[in-house]
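Here are a few short exercises to work through with the model open beside you. Try each task first, then follow the solution step by step.

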Amino acid sequence: TMSKSVLYEQDKRIVNITLNRPDTRNALSGDIIEELVDYLNKADKDKNVGCIILTGAGKSFSSGGNLQEIKDMTTKDNMSLSELEDWYRFGIQRIPRTMNSIDVPIVAAVNGHAIGAGNDLCTMCDIRIAGEDAKFSESFLRIGIIPGDGGSWFLPKIIGLSRANEMILTCDVLDAQKALDWGLVSQVVPNDDLMKVAHEIANKIASQPPEASRRAKRLLRMSQNVSLDKALEMAASQQSILQQLNDHREAIDALLEKRKANYTNS
């Protein structure tokens, strides 16, 4: 049987999603896009999932677009303007649309290279940690194109506009330490500890009341592009829903009674 391009492994409330094409350094070709989007939606729909860890098999997180595939689009396949636009809309752009619409929290464990669309993929996650050998680059201009997958929207929100300009316009490669200094990742750990630390973070997230953590993520996302009044209105309406849940009362009781909470997702 063909090995799957993306692996989905669930351990209690944590799901590991692993890009599994080390032969192409996890380049984001059609099969990876398809399976990744399906698995993100699957985890989001499963209320037993408290957190996703996204990583890459082998030595890279993701090397981004496949150069030969990109070349073939205009040479071998002679794609027209509208065909090229559709390739983005109905291909790679499904990833940022999905990432920006789901509520399950995602930790990126960046092992090795996150290049071009691979760098953009890690910016779509909620928390990024890196192994010490990680390398980050917005390399699109090196081949005369721009981020086609939302990088120009996600990246400045994380590292600010000036540094996003610098990454995109120079195509410089950031090592893990510089990525940490710039705020692209929140911690750098020895390569061998990467998944252990990712799981520690994921476990902390997954131990919170499930509905509350998803709504917190959603509120953070939706508050980015609205006025304070609108954000407060959304917060009030989410809060009133959460305070009627059993898990909210259980959380308070567990704290008051100094015991471990037992959440039932209700």
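**Exercise 1. Place Asn-265 in the chain and decide how accessible it is.**

Step 1. Asn-265 sits in the segment that follows α12 (246–256); helices (H or I, at least four residues) and strands (E, at least two) are DSSP runs, numbered from the N terminus. Before going on, note that this is a predicted model, in which local features need pLDDT of at least 70, side-chain atom pairs count only at pLDDT 80 or more, and totals for chains, interfaces and linings use all residues. Residues are numbered from 1 along each chain as its sequence is written, and side-chain values use heavy atoms, with hydrogens and water left out.

Step 2. Its relative accessibility is 30%, so Asn-265 counts as partly exposed. The classes are buried (under 20% relative accessible area), exposed (over 50%) and partly exposed in between, with a 1.4 Å probe and protein chains only.

Step 3. Check the backbone too: Asn-265 has a positive phi of about 60° although it is not a glycine.

Step 4. Now look at Asn-26, another non-glycine residue with a positive phi, near 55°. Asn-26 is in the loop between β2 (14–19) and α1 (30–45), and is buried, with a relative accessible area of 0%.

**Exercise 2. Find the pairing partners of β2 and work out whether β2 is enclosed or open.**

Step 1. Begin with β1 (residues 6–11), which pairs with β2 in the antiparallel sense over 6 bridges; two strands pair if DSSP finds at least two bridges between them. Here Tyr-8 has Ile-17 of β2 as its bridge partner.

Step 2. Look at the connection: β1 and β2 make a hairpin with 2 residues between them, and Lys-12 in the turn has a positive phi of about 55°.

Step 3. Turn to β3 (residues 51–56), which pairs with β2 in the parallel sense over 6 bridges. Ile-17 stands opposite Leu-54 of β3.

Step 4. Inspect both faces of β2: Ile-14, Asn-16 and Thr-18 are buried on one side, and Val-15, Ile-17 and Leu-19 on the other. With 6 of the 6 residues buried, β2 is therefore largely enclosed by the rest of the structure.

**Exercise 3. Check the span of helix α10 and trace its salt bridges.**

Step 1. α10 (residues 210–223) has 14 residues, so at 1.5 Å a residue it should span 20 Å, and its end C-alpha atoms are indeed 20 Å apart. The expected span is 1.5 Å times one less than the number of residues.

Step 2. Among the buried residues of α10 are Pro-210, Ser-213 and Arg-214. Their cover, counted by contact (heavy atoms within 4.5 Å), includes α1, β5 (106–110), α11 (228–242) and α12.

Step 3. Side chains of opposite charge can pair when their charged atoms come close. Arg-214 and Asp-44 meet in a salt bridge (3.5 Å, N to O), defined as a side-chain nitrogen of Lys or Arg within 4 Å of a carboxyl oxygen of Asp or Glu. Arg-214 lies in α10 and Asp-44 in α1, so the pair ties together parts that are 170 residues apart in sequence. Both residues, Arg-214 and Asp-44, are buried.

Step 4. Asp-103 and Arg-218 also meet in a salt bridge (2.7 Å, N to O). This pair links distant parts of the chain, with Asp-103 in the loop between α4 (94–99) and β5 and Arg-218 in α10, 115 residues apart. Asp-103 is buried at 9% relative accessibility, whereas Arg-218 is partly exposed at 23%.
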